[in-house]
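Here is a short briefing on one protein model. Keep the sequence and the structure in view while reading.

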Amino acid sequence: YDLGGKYDEFTFEVYTPDKNMTIELWGDNDTLIDSFEVVGKNLPSTHTVSVKGVQQFMIRITNMKCPVYILDAYVN
């Protein structure tokens with residue numbers, strides 16, 4: 001996503017109905033901003049990360065062997 005350095009935070013909920021997986025949030029120059037373990041069959045979990053000054057933002061999902069849902073995502 002092209003954030004253009006205009007935002008301070010990215011907030012989202014994440015849920016997976018089956019197996020555990022990891023969500024990785026990446027910024028400029030392949031810099032890992034944060035990562036979260038998502039436990040399958042749990043209620044959605046909410047996460048907020050700093051994206052202050054980030055131009056390009058990417059979400060990567062590892063161990064993806066079932067659906068994953070990112071809900072109510074927003075930047076501010």
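In this predicted model, the side chains of Thr22 and Glu37 make a polar contact at 3.4 Å. Thr22 sits in strand β2. Its relative accessibility is 14%, so Thr22 counts as buried.

**Around Thr22**

- Beyond four places in sequence, Thr22 touches Ser35, Phe36 and Glu37 on one stretch of numbering, and Arg60, Ile61, Thr62 and Asn63 on another.
- Glu37 is thus both a contact of Thr22 and its side-chain polar partner.

**The three-stranded sheet**

- Strands β3, β2 and β5 form an open sheet in the order β3-β2-β5, with antiparallel pairing.
- The edges are β3 and β5 (58-62), and each of these pairs on one side only.
- From one strand to the next, the twist averages 20 degrees.
- Strands of a sheet pair through backbone hydrogen bonds, in either a parallel or an antiparallel way.
- Antiparallel strands β2 and β5 are joined by five bridges.
- Leu25 stands opposite Ile59 of β5.

**The nonpolar core**

- The largest nonpolar core counts 15 residues.
- Phe10, Phe12, Ile23, Leu25, Val51 and Phe57 have the most contacts inside this core.
- Strands β1 (9-15), β2 (21-27) and β3 (31-38) each supply at least two of the core residues.
- In soluble globular proteins, nonpolar side chains tend to be buried together.
- Leu25 has a long contact list once neighbours within four places are set aside. Among them are Phe10, Phe12 and Phe57, which, like Leu25, belong to the group with the most contacts inside the core.
- Other contacts of Leu25 include Thr31, Leu32, Ile33, Asp34 and Phe36. Val49, Met58 and Ile59 are also in contact with Leu25.

**His47 in strand β4**

- His47 lies in β4, which covers residues 45-50.
- With a relative accessible area of 13%, under the 20% limit, His47 is buried.
- The side chains of His47 and Ser45 are joined by a polar contact of 3.0 Å.
- Farther along the sequence than four places, His47 is in contact with Phe10, Thr11, Phe12, Val14 and Phe36.
- Phe10 and Phe12 therefore appear in two settings: they are contacts of His47 and rank among the core residues with the most contacts.

**The salt bridge**

- How many salt bridges does a search of the whole structure find? The search finds one.
- Arg60 and Asp30 form a salt bridge, with their closest N and O atoms 3.7 Å apart.
- Arg60 belongs to strand β5 and Asp30 to the loop between β2 and β3, so the pair ties together parts that are 30 residues apart in sequence.
- Side chains of opposite charge can pair when their charged atoms come close.
- Arg60 is partly exposed, at 30% relative accessibility.
- Asp30 is exposed, at 54%.

**Loops and positive phi**

- Asp30 has a positive phi of about 55 degrees, although it is not a glycine.
- Lys41 is another residue other than glycine with a positive phi, near 70 degrees.
- Most residues other than glycine have a negative phi.
- Lys41 is found in the loop between β3 and β4.
- Is Lys41 buried or exposed? At 63% relative accessibility, Lys41 counts as exposed.
- Asn29 is found in the loop between β2 and β3, where Asp30 also has its place.
- Asn29 counts as exposed, with 76% relative accessibility.

**Distances from Asn29, and Ile70**

- Asn29 and Gln56 are 27 residues apart in sequence and 8.5 Å apart in space, C-alpha to C-alpha.
- Asn29 and Ile70 are 41 residues apart in sequence and 24 Å apart in space, again C-alpha to C-alpha.
- Ile70 has its place in strand β6, residues 69-75.
- Ile70 counts as partly exposed because its relative accessibility is 32%, which falls between the limits of 20% and 50%.
- Not counting residues up to four places away, Ile70 touches Phe12, Glu13, Val14 and Ile59.

Notes
Residues are numbered from 1 along each chain as its sequence is written. This is a predicted model: local features need pLDDT of at least 70, side-chain atom pairs count only at pLDDT 80 or more; totals for chains, interfaces and linings use all residues. Side-chain values use heavy atoms; hydrogens and water are left out. Helices (H or I, at least four residues) and strands (E, at least two) are DSSP runs, numbered from the N terminus. Buried means under 20% relative accessible area, exposed over 50%, partly exposed in between (1.4 Å probe, protein chains only). Contact means heavy atoms within 4.5 Å. A nonpolar core is a set of buried Ala, Val, Leu, Ile, Met, Phe, Trp, Tyr and Cys residues joined through side-chain atoms within 4.5 Å. Two strands pair if DSSP finds at least two bridges between them. Axes are lines fitted to C-alpha atoms, for helices over the stretch in contact, and angles run from 0 to 180 degrees between N-to-C directions. A polar contact is a pair of N or O atoms within 3.5 Å; within protein, one must be able to donate a hydrogen and the other to accept it, and residues adjacent in sequence count only if both atoms are side-chain atoms. A salt bridge is a side-chain nitrogen of Lys or Arg within 4 Å of a carboxyl oxygen of Asp or Glu.
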